[in-house]
Amino acid sequence: MPIALQQRKGVSSSPMEVILGSNVEHQMYCHLLCGLRNSDSIDAIHVPYAIGLIKAMWVLESKWKQLCDDIEKGILCSVINDVRMRDSVVQVLGGPQPDLSNRIRLIFEKKDWGGILSKLWPNVRYIRSVMTGSMKQYYSKLKYYAGEVPLVGGDYFASECCVAINLDIKQPPDLTRFVMLPTAAYFEFLPFDLAENNVVGEETVDLCGVEVGKVYEVVVTTYRGFYRYRLGDVVRVVGFYNSSPLLEFVMRAPKTSNEIVTEGDLMAAMENFQLVLRNTMGMAIEIVEFTSSVDFGSSPKRLKIFIEVKDCDMILQDKLQESNLRKCCSDLEDSLGSIYKVQRNKGEISPLSLSVLKCGSFDRLLKLAIENGTPASQYKPPKIIRNPSIVDVLKENVIVTI
């Protein structure tokens, strides 16, 4: 999850040896260390996806003492074992910096993480990242860390091609609109029915044929050889900018007709579940990540939701009795989307299963994805898991299941 702490004139604070590093955790640590060393000259923070900055903040929370020690001594901790990366970062540190280290240490020792980014990097002008779609869940946390530093949205890019640009980058995710780039590829649109959670027929319309208010799945033919390729993105046309459609990202399209929740359903339900947890448990329990899968081996099939909370020990305390978790799980099930509710009422779905995972479980999924060839900068935690082997990885880390 690379993070770019950018100095004036667009120069990265990290040397190329860090940017090209192969160990994501070591990369993140070194990016933060170099950024803190140049704290007064950091002009902007760029992250491909919002989850990248969230993970950077978790590293800061857990490693700030070591970071301060490294700055104070002008050396790198022994955990970073890549020789070229170590040498390049030591050069950036430029020897012991006790005054800078003490200044940064005082900020961390206050344990006030609200607006921490502007405290650590006082001259940062903005933070830019993709915050729509599945990244929307991290927006409120980013606002908390950013304080008064503006959060600006990214453009609409897919791995296959550029799709649209964001002309009003200061808008929050709910109000973000993208203007189609008609020359980036040849675009077609499959009409999509949100109630049925599927496309309507196989007839596409082109840029000139879309209608305001209607929902479509995006299809592209690119200069690099993708022919009528379905991106899997569902968008709503909300207007036009000159002659180009103005789009609102809705969700990822379902892979099969067997899916019983959408990403949007799940994210909305989990947002409500977070509030129910706090009200029922009487504690500020923070869900750091979640995902789901459908167990077709159960009869009838069962939706399984996996969550990771910030303080796993809270779940095991006597105060958090199983009866309380069961009530919260029931409320979660009631707030899932219409497709799930209809099938549940018909008896076609077994009761929901909720599993709480050990801390760091989703980091294992990241490592697994990178080992299988996924670029760290393109990784997004899956909200719906369809691969049984990945589900098995999560099952190995379950603390409690309701």
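**Entry 1: His31**

I started with His31, which sits in helix H2. The model is a predicted one, and I read every value below with that in mind. I looked up whether His31 is buried or exposed. Its relative accessible area is 4%, so I put His31 down as buried, the cut-off being under 20%. I then took a C-alpha to C-alpha distance from His31 to Ala56 and got 9.2 Å, for two residues that stand 25 apart in sequence.

**Entry 2: domains**

I noted the domain assignment next: domain 1 covers 4-153, domain 2 covers 156-252 and domain 3 covers 263-401. I chose the pair of domain 1 and domain 3, whose C-alpha centres are separated by 30 Å. In their contact I found 16 residues from domain 1 and 18 residues from domain 3.

**Entry 3: area between domain 1 and domain 3**

Interface size is often quoted as the accessible area that is lost when the parts come together. For domain 1 and domain 3 I have a buried area of about 1,300 Å². Carbon and sulfur atoms give 57% of that area. Which residues of domain 1 lose the most area to domain 3? I listed Tyr49, Ser134 and Gln137, which together account for 34% of what the domain 1 side buries.

**Entry 4: polar links and elements**

I counted three salt bridges between domain 1 and domain 3. I also checked the pair Glu25 and Lys367, which form a salt bridge with their closest N and O atoms 3.2 Å apart. For polar contacts between domain 1 and domain 3 the count is five residue pairs, both residues at pLDDT 80 or more.

I then went through the elements on the side of domain 1 that touches domain 3. Those giving two or more residues are helix H2 (24-37), strand E2 (42-49), helix H3 (50-73) and helix H7 (139-146). H3 gives the most, with four residues. Sorted by class, this side of domain 1 holds eight nonpolar, three polar and five charged residues.

**Entry 5: Glu217**

Last, I turned to Glu217, in strand E11 (residues 215-221). I entered Glu217 as buried because its relative accessibility is 4%. What does the side chain of Glu217 make a polar contact with? I found the side chain of Arg230, at 3.0 Å. Leaving out residues up to four places away in sequence, I listed what Glu217 touches: Glu188, Phe189, Leu190, Phe192, Val199, Arg230, Gly232, Asp233, Val234 and Ala253. Arg230 is thus on the contact list and is also the polar partner noted above.

Definitions and conventions
Residues are numbered from 1 along each chain as its sequence is written. This is a predicted model: local features need pLDDT of at least 70, side-chain atom pairs count only at pLDDT 80 or more; totals for chains, interfaces and linings use all residues. Side-chain values use heavy atoms; hydrogens and water are left out. Domain bounds come from an automatic or database domain assignment. Contact means heavy atoms within 4.5 Å. Buried area is the accessible area (1.4 Å probe) that two parts lose on being put together, summed over both. A salt bridge is a side-chain nitrogen of Lys or Arg within 4 Å of a carboxyl oxygen of Asp or Glu. A polar contact is a pair of N or O atoms within 3.5 Å; within protein, one must be able to donate a hydrogen and the other to accept it, and residues adjacent in sequence count only if both atoms are side-chain atoms. Ala, Val, Leu, Ile, Met, Phe, Trp, Tyr, Cys and Pro count as nonpolar, Asp, Glu, Lys and Arg as charged, and the others, Gly among them, as polar. Buried means under 20% relative accessible area, exposed over 50%, partly exposed in between (1.4 Å probe, protein chains only).
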